[in-house]
Each structure stands twice: as structure tokens, then as C-alpha cells.
Amino acid sequence: MPKAKPLSESVKKTLREKAKGTMFSAADLQAIYRRGQGAYLGGGSKRVPMAAWAMGRVNSAISGKGGARKADADIVKRARARKKGRKA
């Protein structure tokens with residue numbers, strides 16, 4: 001499998017901003033973004049750019065609406081556990 005291209009600085013910055021005030025870390029959102037890219041390549045709509053598809057998945061995970069919370073349940077579970085650990 002070819003090595004993944006690094007995310008652009010603008011995408012990383014956007015994900016860091018979105019992570020503020022949520023239970024997700026920037027690394028969690030980067031993983032969700034990457035999965036969104038993979039989902040696009042696996043049969044996403046060709047009417048939507050891949051970056052928009054991936055960021056939509058990030059937004060879905062943050063808001064809890066849509067299917068991203070189910071598709072990325074392992075990341076959500078890890079983020080919840082980390083958040084609980086901080087408050088304890």
C-alpha cells in the first residue's frame with residue numbers, strides 16, 4: 001500500500017481549532033479525517049471534493065449527528081475514556 005501523503009498545514013490547523021472545546025484531540029480528528037478520505041475513495045460521491053467529504057465526517061463526529069459516531073466508534077470510545085480520566 002502506498003504511503004499516505006501528509007495532511008496540509010491548513011487542514012491540521014482547522015482540525016486543531018475544531019478539537020478545542022470537544023472531547024476529541026487533534027490526533028483523533030486527524031484519524032477521522034483520514035478515514036473520511038478512505039471512505040470517499042471507497043465509493044464516495046464524485047460530486048463532492050474529497051476534502052469536503054472528509055471534513056464532513058469530522059463535523060459529524062463532533063456533532064454526534066450522522067453516521068460518523070458509529071463508523072468511528074473506536075475513536076469516540078477512546079476520546080470519552082480520556083475525557084473521563086481527566087475529570088477524575
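**Entry 1: R57**

I began with the side chains of R57 and D72, which are joined by a polar contact of 2.8 Å (a pair of N or O atoms within 3.5 Å, where within protein one must be able to donate a hydrogen and the other to accept it, and residues adjacent in sequence count only if both atoms are side-chain atoms). I note that this is a predicted model, in which local features need pLDDT of at least 70 and side-chain atom pairs count only at pLDDT 80 or more, while totals for chains, interfaces and linings use all residues. Residues are numbered from 1 along each chain as its sequence is written, and side-chain values use heavy atoms, with hydrogens and water left out.

I placed R57 in helix α3 (helices are DSSP runs of H or I with at least four residues, strands are runs of E with at least two, and both are numbered from the N terminus). R57 counts as buried because its relative accessibility is 17% (buried means under 20% relative accessible area, exposed over 50%, partly exposed in between, with a 1.4 Å probe and protein chains only). Leaving aside neighbours within four places in sequence, I found R57 in contact with I32, R35, G36, A39, A68, A71 and D72 (contact means heavy atoms within 4.5 Å).

**Entry 2: helix α3 and M55**

I then checked the span of α3: its 14 residues at 1.5 Å a residue should cover 20 Å, and the end C-alpha atoms are 20 Å apart, so the two agree (the expected span is 1.5 Å times one less than the number of residues). The buried residues of α3 are A54, M55, R57, V58, S60 and A61, and they pack against α1 (9–19), α2 and α4 (68–71). After α3 comes G64, with a positive phi near 85 degrees.

I looked up M55, another residue of helix α3, which is buried because its relative accessible area is 16%. Not counting neighbours within four places in sequence, M55 is in contact with T14, L15, K18 and Y33. From M55 to R78 I noted 20 Å, C-alpha to C-alpha, for residues 23 apart in sequence.

K18 itself is found in helix α1 and is partly exposed, with a relative accessible area of 27%. Its contacts beyond four places in sequence are L29, M55, V58, N59 and I62. The C-alpha atoms of K18 and S45 are separated by 24 Å, with their positions 27 residues apart along the chain.

**Entry 3: the aromatic pair**

I asked which residues form an aromatic pair. The structure holds one such pair, and Y40 and W53 form it, edge-to-face, at 6.1 Å centre to centre with 65 degrees between the planes (ring centres of Phe, Tyr and Trp, the last by its six-membered ring, must lie within 6.5 Å; planes under 30 degrees apart count as stacked, over 60 as edge-to-face and the rest as tilted). The pair links distant parts of the chain, since Y40 sits in helix α2 (residues 26–41) and W53 in helix α3 (residues 50–63), 13 residues apart. Y40 counts as buried because its relative accessibility is 12%, whereas W53, at 31%, counts as partly exposed.

**Entry 4: helix α2 and the largest pocket**

For α2, I noted that its 16 residues at 1.5 Å a residue should span 22 Å, and that the end C-alpha atoms are 23 Å apart, which agrees. Its buried residues are D28, L29, I32, Y33, G36, Q37 and Y40, and just after the helix G43 takes a positive phi of about 135 degrees.

Y33, in helix α2, is buried because its relative accessible area is 3%. Beyond four places in sequence, Y33 is in contact with L7, V11, L15, A51, A54, M55 and V58. The C-alpha atoms of Y33 and L15 are separated by 8.7 Å, although the residues are 18 apart along the chain. Q37, also placed in helix α2, is buried at a relative accessible area of 15%, and, with residues up to four places away not counted, touches L7, M50 and A54.

Last, I asked which helix gives the largest share of the lining of the largest pocket. That helix is α2, with five residues; the lining includes Y33, R34, Q37, G38 and L41, alongside others such as L7, V11 and M50 (a pocket is an open set of points on a 1 Å grid over the protein atoms alone, where a 1.4 Å probe fits, with protein on both sides within 12 Å along at least five of seven lines, and lining residues have an atom within 4 Å of a point). I recorded a volume of about 260 Å³ for this pocket (the space filled by probe spheres set on the points, which are joined across faces, edges and corners).
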